[in-house]
Amino acid sequence: MRKNDIYEIEITGMTHEAMGVGKADGMAVFVQGAIEGEKVIAKIIKVTRSYAVARVEDWLVKSPERREPFCPVYKRCGGCSLQHMTYDMQLKFKQRVVIDNLERIGGFKGINVNPVIGMDNPMNYRNKAQYPVGMGDNRPVAGFYARRSHDIIDSESCGIQHTSSEKVKNTVIDIIKKLNIPVYNEKTGEGILRHIITRVSYSTGDIMVILVVTKENVPGLDKLIKIIAGEIPEVKSIVLNINKRRDNVILGDAVKTVYGTDTITDKLGHLTFHISPLSFYQVNPVQTVKLYQKAVEFAGLSGDETVFDLYCGIGTISLFLAEKAREVIGVEVIPEAVEAADKNAKLNNIANATFYCGEAEEVVPELYKEGLKADVVVVDPPRKGCDEKLLDTMVKMQPKRIVYVSCNPSTLARDLKYLAANNYVIREVQPVDLFP
Ligand code: SAH
């Protein structure tokens with residue numbers, strides 16, 4: 001098999017990255033953009049010892065689950081990867097990914113995973129957009145990175161963002177050239193504007209704009225602020241984030257409010273939250289409410305419990321739990337988020353939630369040593385999952401229930417394997433689609 005060879009391939013499975021899997025000349029071939037059940041004519045674009053990668057040239061049989069992507073730049077943009085499938089198939093695909101991980105990594109055979117809870121209208125759902133800024137053909141552009149590259153795809157409107165985010169991005173890009181605000185150049189490190197980030201409150205319509213810049217002193221900033229705020233009255237906060245680094249990390253540590261308020265306010269269900277520029281906040285508010293309701297339901301609280309909410313961010317899950325528990329203890333590593341969690345508790349008149357700043361794997365063993373025990377533990381770690389030291393403390397503490405909220409099924413499976421080896425039993429697995 002060589003590069004550019006053409007084969008007829010039947011697609012018999014899919015990888016977790018949604019590539020079709022088939023065989024040609026006895027070799028496994030991963031076919032970009034092909035769906036299980038399809039028969040395609042494919043061109044080989046890469047060959048290794050154990051597998052090849054191919055691209056669809058034409059279809060002999062198309063899947064009934066195939067649909068026309070709604071986005072004109074879908075093929076090039078690295079943002080979305082399942083738009084060529086019906087939403088129904090996207091949900092089944094994600095359920096499969098969860099099952100596969102639990103079986104292969106977790107070693108749980110024949111595990112029952114509920115159907116994924118999807119969105120009724122899976123469009124324009126993101127409350128946060130991060131647009132890298134760069135130079136296109138002689139003019140500034142902002143958009144998303146192309147697949148596996150740092151080329152910026154310039155698109156007029158992105159169908160998964162809130163329309164306000166797109167409006168902010170287009171307004172800023174239109175005027176920075178006139179204002180002579182230079183865009184950042186990744187290769188040379190020169191220029192000023194690196195990213196335009198927006199956060200939109202779906203409950204109030206308020207917008208926070210974060211301009212990631214290489215230095216605090218931005219020429220023409222006053223004019224830029226005036227134009228953004230003048231053209232888009234929903235903008236209630238404009239913040240500079242200073243990032244002098246030369247790597248891919250988007251945000252620097254320093255923030256400075258240059259217009260309006262330091263935070264914006266959003267509602268999830270009946271609770272209100274202040275959102276600050278650097279804190280983690282779930283990006284799909286509609287699905288977040290469904291996710292949190294499930295977490296609370298699975299916690300099975302009667303009102304007498306001490307509940308730990310670990311990796312609590314700005315205290316969102318904690319406050320949902322607090323209404324049903326005797327006491328909630330939240331642990332979070334980012335000081336700014338812990339401060340926000342305290343404020344959010346007060347804002348909602350919740351007095352039975354206490355927040356600690358530190359790594360969960362350090363704080364929880366300390367609390368346990370001091371004699372504090374959780375009846376129920378909720379964890380919601382970042383992609384790398386829970387530290388073993390934390391899992392170990394949980395096993396010693398013996399909460400009657402653990403609710404594991406995960407954004408990464410592979411580390412979920414690894415951690416559940418550890419808990420299962422220590423006599424915990426999986427009761428229910430409920431995926432929720434946060435990223436249609
Ligand atoms: N439950 C929250 C946040 C989940 S995101 C929500 O739904 O909004 C994961 C959070 O874990 C982030 O806020 C991150 O800052 C925090 N975090 C990362 N590593 C941590 C650690 N070792 N200990 C405690 N918190 C951590």
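This is a short walk through one protein model, from its domains to its sheet, its second largest pocket and its cavity. Keep in mind that the model is predicted.

Domains to begin with. The domain assignment gives three entries: domain 1 covers 6–61, domain 2 joins 83–122 with 284–436, and domain 3 runs over 128–268. How far apart are the C-alpha centres of domain 1 and domain 2? They lie 37 Å apart. The two domains do touch: 6 residues from domain 1 and 8 residues from domain 2 take part in the contact.

Now the sheet. Please find β7, at residues 128–135. It belongs to an open sheet of 7 strands. Read across, the order is β9-β8-β7-β10-β11-β12-β13, and the pairing is mixed. Which strands stand at the edges? They are β9, at 152–154, and β13, at 254–260. Each has a single partner strand, so one side of each has no neighbour in the sheet. On average, neighbouring strands here are turned by 35° against each other, direction ignored.

Stay with β7 for a moment. It pairs with β8, residues 140–145, in the antiparallel sense, over 3 bridges. At that pairing, M135 stands opposite P140 in β8.

Next, a helix. Helix α2 spans residues 163–176. It lies across five strands of interest: β7, β8, β10, β11 and β12. Against β10, at 193–200, the helix runs at about 150°.

On to the second largest pocket. Its volume is about 560 Å³. The lining takes in 24 residues. Which of them lie nearest the centre? V133, G134, H150, I152 and E186 do. The strands we just met return here. β7, β8, β9 and β10 each supply at least two lining residues. β7 gives the most, with 4. By class, this lining has 10 nonpolar, 6 polar and 8 charged residues.

Last, the enclosed space. How many cavities of 30 Å³ or more are there? The count comes to 1. The largest cavity holds about 40 Å³ of space. Its lining consists of N127, K128, R199, V200, S201, I264, D266, I275 and Y281. β10 and β14, the latter at 264–268, are the elements that give two or more residues to it. The classes in this lining are 4 nonpolar, 2 polar and 3 charged.

One strand to take away is β10. It sits between β7 and β11 in the sheet order. It supplies at least two residues to the lining of the second largest pocket. And it gives two or more to the lining of the largest cavity.

Notes. Residues numbered from 1 in each chain as written. Predicted model: local features only at pLDDT ≥ 70, side-chain atom pairs only at ≥ 80, totals over all residues. Heavy atoms only, no water. Pairing = 2+ DSSP bridges. Axes fitted to C-alpha atoms, helices over the stretch in contact; angles between N-to-C directions. Contact = heavy atoms within 4.5 Å. 1 Å grid on protein atoms, 1.4 Å probe; cavity = no way out; pocket = protein on both sides within 12 Å on 5 of 7 lines; lining within 4 Å. Points joined across faces, edges and corners; volume = space filled by probe spheres on them. Nonpolar A, V, L, I, M, F, W, Y, C, P; charged D, E, K, R; others polar. Domains from an automatic or database assignment.
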